[in-house]
Amino acid sequence: DCAGCGVCCRFAVSEFSFQELQIRAKNGDKTAQKFVETFVPYNTLDDARQVFPEYVELLENNTDGSFYIYHCPKVTEDNRCPDYENRPEICRDFPDNPAAFLPVCCGYSGWKSQTEYLMLKMSVLTQIINFYLKSMRG
């Protein structure tokens, strides 16, 4: 269950810039389209750092620096959606990937810890199967 920490609303991370997401959305990428309809980029990294300094530091220390941080401009001060019943699909489906960044304070972090191993195992098995199928074809 959602713990109301606000990280998903105030700290959406992508490897794509807003302009890249807009282009992808224009070219038919539904996920990018939903993302740009919901989130806007922080003006600066320092603006994001003011909201969640520990997570910005975590990204800076564990990535090559190519990330962009976004937020929902509609979220209230108490981390609530002002139109929760009609919230975007991207929000209703969160979290949709056990490999996604979820802080410990997130109500879904327990789900992530239970499912991440299985997701990674399925990914590896898929890669192995595809390797053998490809080698059999020739």
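This report describes how the strands, two of the helices and one pair of aromatic rings are arranged in a predicted model.

**The sheet**

The sheet is open and is formed by 3 strands in the order β1-β3-β2, with antiparallel pairing. Strands β1 and β2 are the edge strands, since each of them pairs on one side only. The two strand pairings are listed below.

| Strands paired | Bridges | Sense | A pair of opposite residues |
|---|---|---|---|
| β1 (residues 12–14) and β3 (residues 68–71) | 3 bridges | antiparallel | Val 13 and Ile 69 |
| β2 (residues 40–41) and β3 | 2 bridges | antiparallel | Val 40 and His 71 |

In the pairing of β1 with β3, Ile 69 of β3 is the bridge partner of Val 13. In the pairing of β2 with β3, Val 40 stands opposite His 71 of β3.

Which strands does helix α2 touch where it packs on the sheet? Helix α2 touches β1, β2 and β3, and its direction makes about 75° with that of β3.

**Helices α2 and α3**

Helix α2 covers residues 18–26 and helix α3 covers residues 30–38. The two pack with their axes 7 Å apart, at an angle of about 130°. An angle over 145 degrees would count as roughly antiparallel, and 65 to 115 as roughly perpendicular; α2 and α3 are therefore oblique to each other. Their crossing is left-handed.

Which residues make this contact? On the side of α2 they are Phe 18, Leu 21, Gln 22, Arg 24 and Ala 25. On the side of α3 they are Ala 32, Gln 33, Phe 35 and Val 36. Sorted by type, the residues in the contact of α2 with α3 are 6 nonpolar, 2 polar and 1 charged.

**Aromatic rings**

A pair of aromatic rings is described by two values, the distance of the centres and the angle of the planes. The model has 7 aromatic pairs by the rule used here, which asks for ring centres within 6.5 Å.

One of them is formed by Phe 11 and Phe 52, with ring centres 5.9 Å apart and planes at 80°. Planes over 60 degrees apart count as edge-to-face, so the pair of Phe 11 and Phe 52 is edge-to-face.

Where do the two residues lie? Phe 11 is in the loop between α1 (7–10) and β1, and Phe 52 is in the loop between α4 (45–51) and α5 (53–62). The pair therefore ties together parts that are 41 residues apart in sequence.

Terms used: Residues are numbered from 1 along each chain as its sequence is written. This is a predicted model: local features need pLDDT of at least 70, side-chain atom pairs count only at pLDDT 80 or more; totals for chains, interfaces and linings use all residues. Side-chain values use heavy atoms; hydrogens and water are left out. Axes are lines fitted to C-alpha atoms, for helices over the stretch in contact, and angles run from 0 to 180 degrees between N-to-C directions. Helices (H or I, at least four residues) and strands (E, at least two) are DSSP runs, numbered from the N terminus. Angles under 35 degrees count as roughly parallel, over 145 as roughly antiparallel, 65 to 115 as roughly perpendicular and the rest as oblique. A crossing is left-handed if the near helix is turned anticlockwise from the far one by less than a right angle, and right-handed if clockwise. Contact means heavy atoms within 4.5 Å. Ala, Val, Leu, Ile, Met, Phe, Trp, Tyr, Cys and Pro count as nonpolar, Asp, Glu, Lys and Arg as charged, and the others, Gly among them, as polar. Two strands pair if DSSP finds at least two bridges between them. Rings of Phe, Tyr and Trp (its six-membered ring) pair if their centres lie within 6.5 Å; planes under 30 degrees apart count as stacked, over 60 as edge-to-face and the rest as tilted.
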